[in-house]
Each structure stands twice: as structure tokens, then as C-alpha cells.
Amino acid sequence: MLQHERTALAWERTAIASMVSGTLLARRAADLHVSLAALGLLQVVLGAALLIWTGLRYEQLHAPLRRGESPAHPDAVRIIGLTTVGFCGAATVIAIASAMT
Amino acid sequence: MTSTPDHEQNAYRQGAPTPTPRPLERWFPRDPTTVGDDPDYRFTLANERTFLAWVRTALALSAGGLLALTVLDDVRGEEFLGIALLAISFLTAATAYRRWALNERAMRLNTPLPSSRLPLLMAIGVAVVSLVAALIAALN
């Protein structure tokens, strides 16, 4: 069960990291155009939603783990993987665009 | 007579889809939980944490890049530093799901875990960027 707790904390740290990065992107993108700050704010909202989801999932997973069910959640991994790729890609494009202007 | 390696026969028996060389699946493998048997839950959780550690690394690199662009605004060469860190963060993020899926698949089929050059490449990449950052700081 310690493994379970450690994994929940890893999810929470990841959610907090995405909120921090989202804030920084919003700040940077706003210099280029105000509406682009929405990209960073979206990441902050996603991070907050992930934080809450993680807390709920931690609570709900105790019983299935005791029954011996697999805790693998491919959809969550895919969503977080893809949104992180999208976020880092968008940040790269914004950085290149603001370097050229 | 054709001879197949043991682990491939094993995968076939357990209903693993035959590998298709589509480019999308190279970077976005299909759901690994449809093949093989559930491993010890601690292994699945350890794999999940490793995936999250890669995601956080990507996010930390992007935060570093964005901070370089924002805080070092009056330093010459800050664009290069920021864009380099952001590009590394993008590449790191792009490999995270793939690594998770390949590890999970290997654990479920009881085959050896795939090895990765990513930690080495990441170390070299960040070291090079740091050296460039030191150079930029010295020249300003």
C-alpha cells in the first residue's frame, strides 16, 4: 500500500508541475498576444483537474488492489502523455515565434 | 518447419496482436493491457511512476526554458537557451507514453524490459545546454 501512496504522490507532483509550467507559459505567451495566454491557463486548469482526479482515484483504488486487480490505467497515461507533448510543443512554437518578432 | 522464439509463441498464445510496422504505432503503441497477464501490482505502479517522472522532467525542462525567456530578457542569447530547453522538453514528452506502453507490455508478456538510451541522451543534451548557458553568461 506504500507503493500505492507513492504513486498517488507522483501523480500529484506531476499535476503541480503542470500548473507551474502552465503559469509560466501564460506569462510568456501573453507578451506575444493576450489570447495565447489561454494555452497556459488551460494547462493550469488541466493540472488542477488532474490533482482532484488523482486524490479520488487514490481513495477508490484501495479495494481493487486488495482484490488483486491491475491498477494500470492506459487512458490516464495516454491523456497525460499527449497533453504534455502538446504543451511542450506549443511552448516551443511560442518561444520560436516570440524570438522572431 | 519454422521456428519462432519462445516469447513470440508465448505472445501469440496469449492473444497478442501481431506487430504491425505502422509509423503511428512506433510512437503511440496500442493499449498494452489487452495482452498477457496482470503482473504484480507493484510493478505496474512502479512503471506508472517512471512514466510520471519522465512527464515531470519534460515539464521541468519547459519551465526552465520559459523562465530563461522571461527572467533573462535583457541577456543576449537567451532565445537560444530557452528554445533549446523547450525543444528537449518536447522530445522528452514525446517518448514518455511509448516507454510506458513498451514496459507494461513486456511485464505482461513476461519478456525482458526494453532498454533505453534516453537517460544518457537527456544527460548529454542538458549538459550541452548548461555549457552554452555558462558561455552566454560569460560573454554578456
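This short presentation covers chain A, its contact with chain B, one residue at that contact, and a helix pair in chain B. Please keep in mind throughout that we are looking at a predicted model.

I begin with the overall form of chain A. The chain contains four helices and zero strands, and the order of its elements from the N terminus is α-α-α-α. Along the principal axes, its C-alpha atoms occupy a box of roughly 60 × 20 × 20 Å. The radius of gyration of chain A is 17 Å, whereas a compact globule of 101 residues would come out near 13 Å. Of the 101 residues in chain A, 31% are buried. As for the contacts in chain A between residues at least 6 apart in sequence, 60% link residues at least 24 apart.

I turn next to the contact between the chains. Chain A contributes 35 residues, and chain B contributes 36 residues. On the side of chain B that touches chain A, the elements giving two or more residues are helix H3, residues 41–71, and H4 of chain B. The largest share of that side, 20 residues, is supplied by H3(B). By character, the residues of this side of chain B comprise 21 nonpolar, seven polar and eight charged.

Let us now consider a single residue, His4(A). His4(A) lies in helix H1 of chain A, which spans residues 2–32. Is His4(A) buried, exposed or partly exposed? His4(A) counts as partly exposed, because it has 16 C-beta neighbours inside 10 Å. Setting aside neighbours within four places in sequence, the contacts of His4(A) are Leu61(A), Leu65(A) and Leu45(B). For His4(A) and Leu65(A), 61 residues apart along the chain, the C-alpha separation is 8.9 Å.

Finally, I come to a helix pair in chain B. Helix H4 of chain B, residues 78–109, packs with helix H5 of chain B, residues 118–139, at an angle of about 170°, and their axes are 10 Å apart. H4(B) is therefore roughly antiparallel to H5(B). Which residues of H4(B) and H5(B) meet? From H4(B) we have Leu81(B), Ala84(B), Leu85(B), Ile88(B), Thr92(B) and Thr95(B). Their counterparts in H5(B) are Leu118(B), Met122(B), Gly125(B), Val126(B), Val129(B), Val132(B), Ala133(B) and Ile136(B). In this contact of H4(B) with H5(B), eleven residues are nonpolar, three are polar and none is charged.

To close, I return to H4 of chain B: this helix packs with H5 of chain B, and H4 is also among the elements on the side of chain B that touches chain A.

Methods:
Residues are numbered from 1 along each chain as its sequence is written. Chains are lettered from A and ligands numbered from 1 in the order in which they are written. This is a predicted model: local features need pLDDT of at least 70, side-chain atom pairs count only at pLDDT 80 or more; totals for chains, interfaces and linings use all residues. Axes are lines fitted to C-alpha atoms, for helices over the stretch in contact, and angles run from 0 to 180 degrees between N-to-C directions. Angles under 35 degrees count as roughly parallel, over 145 as roughly antiparallel, 65 to 115 as roughly perpendicular and the rest as oblique. Two residues are in contact if their C-beta atoms, placed from the backbone, lie within 7 Å. Ala, Val, Leu, Ile, Met, Phe, Trp, Tyr, Cys and Pro count as nonpolar, Asp, Glu, Lys and Arg as charged, and the others, Gly among them, as polar. A residue is buried if 20 or more other C-beta atoms lie within 10 Å of its own, exposed if 12 or fewer, and partly exposed in between; C-beta atoms are placed from the backbone. The radius of gyration is taken over C-alpha atoms; the globule rule is 2.2 Å times the number of residues to the power 0.38.
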